[in-house]
Every structure is written in structure tokens, then in C-alpha cells.
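Grab a pencil and have a go at a few short exercises. Try each task yourself before you read its solution.

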Amino acid sequence: MAADAIVTAHLGASGFTTHLSDGKHEWIADEPATLGGGDLGPAPAALLLSSLGACTSITLQMYARRKEWPLQEVKVTLAMNPDGKPSAGTTQITRKIELAGDLSEAQRQRLLEIANACPIHKVLSGTIAIDSTLVE
């Protein structure tokens with residue numbers, strides 16, 4: 001089975017600016033100046049949240065289009081550990097979803113259910129195994 005996504009991250013000896021690529025697109029991540037970074041791109045936690053926000057938005061729009069519902073806009077605001085560090089081994093993500101369009105309450109509630117079923121939500125809610133190896 002082929003990998004769902006492959007991303008390469010490259011960081012040199014100086015600074016924390018990390019160059020990322022999926023083979024087709026390139027982007028960067030960095031740390032804020034307060035942590036010694038150059039603040040040239042989003043921090044890793046923001047990139048993780050952006051994956052969930054993008055997946056949520058796209059999934060909702062796809063579903064609404066298929067149902068021919070009048071969803072005009074989706075805005076997703078996410079925060080990681082907004083109340084500070086939770087108990088050990090736990091990470092809290094809050095996700096606030098704003099829907100624009102002439103939607104019934106039943107449609108709005110169904111879209112919330114669909115948001116909770118987006119692929120990245122499922123990944124982050126399930127067990128994640130990370131296998132790390134050193135390459136010679």
C-alpha cells in the first residue's frame with residue numbers, strides 16, 4: 001500500500017527555519033523569535049492545527065456541495081491547549097466552526113457531525129504510532 005502523504009523536512013545547522021516539501025509544493029516552518037527562531041513561518045503546532053482546519057473546511061464544503069446545501073463559507077478557529085498544559089499525556093484542541101449560508105438547524109448539526117468525521121480529525125483522535133529510524 002502506498003503512503004497517504006510523504007513530506008520531507010530539511011533544517012541546516014543554523015537557526016530553526018525548516019524547509020518542507022511534498023515533492024510538488026514547498027513551504028517553511030520556524031519558531032518565533034522569542035524561542036530563538038526567525039519567525040519566517042508558522043510554528044510546528046500551528047501547522048498541525050492548520051491541517052485539521054483545512055481538512056474540516058474542505059470536508060464540509062464537499063459534503064454540502066454533494067447535498068446541494070447553501071453553504072457559502074466555512075471558518076474554523078483552532079487552538080492547542082488554550083487553557084494551558086492539560087494532564088500528562090493529553091493534548092486539548094478546541095475547534096470552533098462558523099458556517100455561513102441559509103442552512104437549517106438540522107443541516108448545521110449534520111455538518112458538525114461531518115466535521116467530526118473528517119480524515120485528519122480521525123487521525124488525531126485515533127492511536128498514532130510513529131516509527132523513527134536513522135538513515136545512513
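Below are four exercises, each with a worked solution.

A note before starting: this is a predicted model, where local features need pLDDT of at least 70, side-chain atom pairs count only at pLDDT 80 or more, and totals for chains, interfaces and linings use all residues. Residues are numbered from 1 along each chain as its sequence is written, and side-chain values use heavy atoms, with hydrogens and water left out.

**Exercise 1. Work out how many disulfides there are, and explain the result for Cys55.**

Step 1: Start with the rule, which says that a disulfide is a pair of cysteine sulfur atoms within 2.5 Å.
Step 2: Check Cys55, whose closest cysteine sulfur is in Cys118, 3.3 Å away, so that is too far for a bond.
Step 3: Count them up, and you get 0 disulfides.
Step 4: Look at the surroundings: Cys55 is buried at 12% relative accessible area, and Cys118 is buried too, at 0%. (Buried means under 20% relative accessible area, exposed over 50%, and partly exposed in between, using a 1.4 Å probe and protein chains only.)

**Exercise 2. Find the salt bridges and place them in the structure.**

Step 1: Look for a side-chain nitrogen of Lys or Arg within 4 Å of a carboxyl oxygen of Asp or Glu.
Step 2: The whole structure gives you 2 salt bridges.
Step 3: One joins Glu105 and Arg108, at 3.9 Å from N to O. Both residues sit in helix H2 (residues 105-115), 3 residues apart, or about one turn of the helix. (Helices, H or I of at least four residues, and strands, E of at least two, are DSSP runs numbered from the N terminus.)
Step 4: Arg110 and Glu113 form a salt bridge as well, with their closest N and O atoms 2.8 Å apart. These two are also 3 residues apart in helix H2, so about one helical turn separates them.
Step 5: Arg110 is partly exposed at 33%, and so is Glu113 at 46%.

**Exercise 3. Which residues make the aromatic pair, and how are the rings arranged?**

Step 1: Rings of Phe, Tyr and Trp (its six-membered ring) pair if their centres lie within 6.5 Å; planes under 30 degrees apart are stacked, over 60 edge-to-face, and the rest tilted.
Step 2: The search turns up 1 aromatic pair.
Step 3: Tyr63 and Trp69 are the partners, 5.5 Å centre to centre with 75° between the planes, which is edge-to-face.
Step 4: Tyr63 is buried, at 10% relative accessibility.

**Exercise 4. Where are the domains, and what separates their centres?**

Step 1: Domain bounds come from an automatic or database domain assignment.
Step 2: Here they give domain 1 (1-41) and domain 2 (43-135).
Step 3: Taken over C-alpha atoms, the centres of domain 1 and domain 2 are 22 Å apart.
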